[in-house]
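Reader: I'm new to looking at protein models, and I'd love a close look at one strand in this one. Could you walk me through what surrounds it?

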Amino acid sequence: MSQHVKKSFGFLKTTAIGGLIFLLPLIVIGALVGQVVPIVMSLAGVLSEYIPVKTPSGIAMLVAISIAIVLLMCFAAGMVARWSIGKKLSKFIENNLILLFPRYAIYREQLKGSIGGDHNKPVMIPVLVRFDDVTRVAFEVERTEGPLVSLYLPGSPDPWSGFVIFMAPDRVEPMNIPFSEALGICERMGRESLHLLDPQKSLPQNK
């Protein structure tokens with residue numbers, strides 16, 4: 001009887017954990033949406049003072065207008081960011097923000113890697129770094145005409161617990177994988193990653 005109870009408890013436990021892991025991405029997405037909803041609702045509240053509506057369709061229209069305003073603000077900010085003065089201002093703010101909140105750079109790179117597209121690619125480039133007796137996944141941070149390349153060596157399973165090194169360019173080999181996939185190698189602790197390390201699929205190095 002006790003053996004049966006243990007098996008039943010084990011089944012319930014593993015199923016519940018599996019369900020939590022399955023729902024975790026949806027929970028994260030819901031949390032992100034939850035950060036935007038208050039902004040939309042605040043705008044809808046302001047608009048309701050000028051466009052008084054009582055019907056469900058009218059309220060839905062206010063919410064739609066508020067969403068459109070948020071999207072328009074994002075578009076306008078994106079246009080300003082393309083101007084030279086916008087780029088300088090953004091760089092100044094980012095440089096000071098990183099000092100106060102270092103993980104800002106992490107979230108920025110992750111966002112660019114996920115939805116940045118061709119115009120907003122991550123600055124950190126996935127590479128392989130060859131040491132004397134081991135090859136490691138790293139991110140190329142900066143490359144100039146000088147004798148060294150600036151690299152960030154990520155940790156595992158937390159890729160943002162690492163350190164900075166400087167290596168000769170001939171020891172650095174670009175990887176033909178997205179930024180998010182390189183993060184996944186560290187987060188998965190190397191599982192299901194060997195097929196991503198084919199040197200024949202390397203991209204040409206950035207100059």
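**A close look at strand β3**

Author: Sure, let's start with the strand next door: in this predicted model, strand β2 (residues 135–143) pairs with β3 in the antiparallel sense, over four bridges. Five residues sit between β2 and β3, and the two form a hairpin. If you want one spot to click on, try E140, whose bridge partner in β3 is L151.

Now go to the other neighbour. β3 is also joined to strand β4 (residues 163–167), by five bridges, and these two run antiparallel as well. Here you can look for V149, which stands opposite M167 in β4.

So is β3 buried or exposed? Five of the five residues in β3 (residues 149–153) are buried, so the strand is largely enclosed by the rest of the structure. It helps to know that in a regular strand the side chains alternate between the two faces of the sheet. In β3, V149, L151 and L153 are on one side, S150 and Y152 are on the other, and all of them are buried, so to speak with both faces covered.

Let's zoom out a bit. Five strands make up an open sheet, in the order β4-β3-β2-β1-β5, with antiparallel pairing. Its edge strands are β4 and β5 (172–174), each pairing on one side only. On average, neighbouring strands of this sheet are turned by 45° against each other, ignoring direction.

Further along that order, strand β1 (residues 125–130) pairs with β2 in the antiparallel sense, over six bridges. You met E140 as the partner of L151 in β3; in β1, I125 stands opposite that E140. A helix comes in here too: α5 packs on the sheet and touches β1 and β2, and its direction makes about 140° with that of β2.

One last thing to find on screen. A search of the whole structure turns up one aromatic pair. The partners are F139 and F179, with ring centres 5.1 Å apart and planes at 40°, so the pair counts as tilted. Because F139 lies in strand β2 and F179 in helix α5 (residues 179–187), the pair ties together parts that are 40 residues apart in sequence. F139 has 0% relative accessibility and counts as buried, and F179, at 4%, counts as buried too.

Key
Residues are numbered from 1 along each chain as its sequence is written. This is a predicted model: local features need pLDDT of at least 70, side-chain atom pairs count only at pLDDT 80 or more; totals for chains, interfaces and linings use all residues. Side-chain values use heavy atoms; hydrogens and water are left out. Buried means under 20% relative accessible area, exposed over 50%, partly exposed in between (1.4 Å probe, protein chains only). Two strands pair if DSSP finds at least two bridges between them. Rings of Phe, Tyr and Trp (its six-membered ring) pair if their centres lie within 6.5 Å; planes under 30 degrees apart count as stacked, over 60 as edge-to-face and the rest as tilted. Axes are lines fitted to C-alpha atoms, for helices over the stretch in contact, and angles run from 0 to 180 degrees between N-to-C directions. Contact means heavy atoms within 4.5 Å.
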